[in-house]
Amino acid sequence: MTRVKFAPPTPRKYDANFKGPIQNRGCTDIICCILFIVAIVAYFAVGILAWSQGDPRKVIYPTNSKGQFCGQAGTELQTKPLLFYFNIMKCASPLVLLEFQCPTTQLCVDTCPNRFMTLLKAKVVPSDWNYYKSYCKQGVSDGMVNILKNGLCPAMLLPSKPLTRRCFPALSKQGQQVLVGNQTTFNDGRGNVIQATDLIAGVQNASIVMEARQVVMKIFEDYTHSWYWILIGLVLATIISLIFIVLLRFLAGIMVWVMIVLVILVVGYGIVHCYFEYAALKNEPGSNVTLQEIGFQTDFSVYLHIRQTWLAFMIILAIVEVIIILLLIFLRKRILLAIALIKEASRAIGHVMSSLFYPLLTFLLLAVVIAYWAVTAVFLSTSNQAIYKVFNETACEYSRQNCDPANFSTSNIKTKCPDSMCLFAFYGGETAYHKYLIGLQFYNVFLFFWCANFVTALGQMTLAGAFASYYWAFNKPKDIPACPIFASLGRALRYHTGSLAFGSLILAIIQVIRVLLEYLDYKLKGAQNKFAKFLLCCLKCCFWCLEKFIKFLNRNAYIMVAIYGKNFCTSARDAFFLLMRNVIRVAVLDKVTDFLLFLGKLLIVGLVGIFAFFFFSGRVKAFESTAPTLNYYWVPILTLAIGSYLIAHGFFSVYAMCVDTLFLCFCEDLERNNGSEEKPYYMSVELRAILSKSEDSTFHGQEVPFQ
């Protein structure tokens, strides 16, 4: 049997008819194109199904024992926004943490009780009884008997305060004693004396399932109070990025050095600021508590009052500062070459100015993808049906079984278990739709990654085609086609949707696997199997590296697809071996340019972040009356930092894509041509000086290390 040997592609030869991105091309990766279209159609079907079944009110409003929403506008309960528990002590059961519902009757009320009162004492005084009835089920009258036995009213009322739209006992401390209504004990209405400390477990279990929601609601409230300032900050980041890019177009060399100096100064200022904060807390009470002792706090501002926090920030920034300075020292010669390459990229962008505004289209498409995914996820997670279960105080064979509240009072269960109640337990379902709900959520996540990667890939191929048109124009700008961005976008969508879908599918699969590994890591946090933890850590590391490699390969594959119009696999292979034949140039030049552009992103994030910190934290008196009052002032700061980075990344990605495209075209140019009159180079004289040690040593396709 003969052995088949894989041979790498040979360098392309001179072709007199080659004038840049090939116009006469056909559709590539048609199967992937069809698969992507089918997946998108199915994604719309999932969204329509979710929107028809889901109900976001389940997230917004608390639900009473009948499954009704408290405080919902347009219903009889719109004036009763708070949820009241008949017996908060029932929430101390471990069942709460399993079913996320307290096994006690829950009513929608307009206000929480503000006094201590038992049912027996309330019935004696008419005014107290009228007040007490507002916390009983509808239909309770003065002459009714067995009110407590039939579960029509709570045995007692406790002074309570609303928390996340729920009434919880107003517990307080006097020394080491726990008080409720200024009392350490109280009568439960059945003759039992209850300690106030016994309420703690019930309150904790009832609130533990709502703690995350409380944080989310506070964050949402902060967004409602600061959204316009966040919007102004993002617009400011956009203006700064655009000004920086425009200045980079005309003053590339000066702007790069200004950028380097400013990054060092901004990080240095961060170190000095952290030191002053650290020193200012020296004599403050409680500031020497360690982060390990304080544990996790939902109010992140607590950490800013601890010296160890500022010490950690100072050390991290100092390490970053040292790394940046050392890299600049060791790469000083490469930086000069990278600056020259950025200048060449600036000339290319100057001839294709519309490329600076293309990231706006990418932002818009990504916003649509993210919004569709988020809305679909919310509707899917709220598309369960209300499930009612049997709750009882004595032994009952039907305990925790499903029930129907409509006919429960006349059912066989009520006859055999007189003290049982049919209460709302949670949202679920047993239909085929509900059984496959987790699969629909997974499909939603997978299509989110696929579509987001497709949008990013479309932008990369569009920019690559436009900048390749610039490079392969022999007489610049005369031979540059009109509207290169629109022409390249049209070619990408018309001929290479399948290739874009193929590359983004591979990346989406890897990203979903990484999400699953993170989920497994979360589930195994309490496990003692060290081998499983080690194996999981190795897998996470491997797939992280694989994702980075696939992104790098896809990026260069899209450049080759934009130029030659071949399928994804062929283009990826050609790009990979072309880079391997020029591996030294890739290592010492292309990556140094990426590092300089990354510093530009850090500068914009640093400038916007510092301004946001002083504005929202109220550290500057001039902003105290203007800045909104927030629960967590880190919410808008973090949002602006992330948003500024994404905006800066979008604008700088144009430069990065231009550099990568010019670099790949340069390597192709060296292999196709030799600089003679018959085979002239398409590269400019400046680019030739940048990427070659000398014309005689490198213009024959030989790999020569730069000095």
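The largest cavity of this predicted model is lined by Phe 84, Tyr 85, Phe 86, Asn 87, Ile 88, Met 156, Leu 157, Leu 158, Ser 160, Cys 167, Phe 168 and Pro 169. About 110 Å³ of space lies inside this largest cavity. The structure also has open pockets, of which the largest has a volume of about 1600 Å³, while the second largest holds about 1200 Å³. Three disulfides are counted in the model.

**Enclosed cavities**

- Four cavities of 30 Å³ or more are found in the structure.
- The strands β1, β4 and β6 each contribute at least two residues to the lining of the largest cavity.
- Strand β6 provides the largest share of that lining, with three residues.
- By residue class, the lining of the largest cavity comprises 10 nonpolar and two polar residues, with no charged residue.
- Cys 167, one of the lining residues of the largest cavity, is also a disulfide partner, its sulfur atom being 2.1 Å from that of Cys 112.

**Largest pocket**

- The lining of the largest pocket consists of 47 residues, and those nearest the pocket centre are Thr 456, Gln 460, Lys 551, Arg 555 and His 649.
- Six helices are listed as giving at least two residues each to this lining: α11 (358–381), α14 (437–471), α16 (497–523), α17 (530–564), α19 (583–616) and α20 (634–672).
- Helix α20 supplies the largest share of the lining of the largest pocket, namely 11 residues.
- The lining of the largest pocket divides into 27 nonpolar, 12 polar and eight charged residues.

**Second largest pocket**

- The second largest pocket is lined by 32 residues, with Phe 313, Leu 317, Gly 609, Phe 613 and Ile 637 lying nearest its centre.
- Two or more residues of this lining come from each of α7 (252–280), α9 (307–330), α19 and α20.
- Helix α19 gives the most to the lining of the second largest pocket, with eight residues.
- The lining of the second largest pocket contains 26 nonpolar and six polar residues, and no charged residue.
- Helices α19 and α20 therefore appear in the linings of both pockets, each giving at least two residues to the largest pocket and two or more to the second largest.**Disulfide Cys 70–Cys 108**

- The sulfur atoms of Cys 70 and Cys 108 are 1.9 Å apart, and the two residues are joined by a disulfide.
- This pair links distant parts of the chain, with Cys 70 in the loop between α2 (57–60) and β1 (82–85), Cys 108 in strand β2 (residues 106–109), and a separation of 38 residues.
- The torsion about the S-S bond of Cys 70 and Cys 108 is about -70°, so this disulfide is left-handed.
- Cys 70 counts as buried because its relative accessibility is 0%, and Cys 108 counts as buried because its relative accessibility is 8%.

**Disulfide Cys 112–Cys 167**

- Cys 112 and Cys 167 form a disulfide with a sulfur separation of 2.1 Å.
- Cys 112 lies in the loop between β2 and β3 (117–118) and Cys 167 in strand β6 (residues 166–169), so this disulfide ties together parts that are 55 residues apart in sequence.
- The torsion about the S-S bond of Cys 112 and Cys 167 is about -85°, so this disulfide is left-handed.
- Both Cys 112 and Cys 167 are buried.

**Disulfide Cys 136–Cys 153**

- The sulfur atoms of Cys 136 and Cys 153 lie 2.0 Å apart in a disulfide.
- The torsion about the S-S bond of Cys 136 and Cys 153 is about 120°, so this disulfide is right-handed.
- Cys 136 and Cys 153 are both placed in the loop between α5 (126–133) and β4 (156–157), 17 residues apart.
- Cys 136 counts as buried at 8% relative accessibility, and Cys 153 is buried with a relative accessible area of 3%.

**Cysteines outside disulfides**

- Cys 27 takes part in no disulfide, and the nearest cysteine sulfur, that of Cys 33, is 7.4 Å away.
- Cys 569 is likewise in no disulfide, with the sulfur of Cys 32 as the nearest cysteine sulfur, 8.1 Å away.
- Cys 569 counts as partly exposed, because its relative accessibility is 45%.

Note on methods. Residues are numbered from 1 along each chain as its sequence is written. This is a predicted model: local features need pLDDT of at least 70, side-chain atom pairs count only at pLDDT 80 or more; totals for chains, interfaces and linings use all residues. Side-chain values use heavy atoms; hydrogens and water are left out. A disulfide is a pair of cysteine sulfur atoms within 2.5 Å. Helices (H or I, at least four residues) and strands (E, at least two) are DSSP runs, numbered from the N terminus. Buried means under 20% relative accessible area, exposed over 50%, partly exposed in between (1.4 Å probe, protein chains only). On a 1 Å grid over the protein atoms alone, a cavity is a set of points where a 1.4 Å probe fits but cannot get out, and a pocket is an open set with protein on both sides within 12 Å along at least five of seven lines; lining residues have an atom within 4 Å of a point. Grid points are joined across faces, edges and corners, and a volume is the space filled by probe spheres set on the points. Ala, Val, Leu, Ile, Met, Phe, Trp, Tyr, Cys and Pro count as nonpolar, Asp, Glu, Lys and Arg as charged, and the others, Gly among them, as polar.
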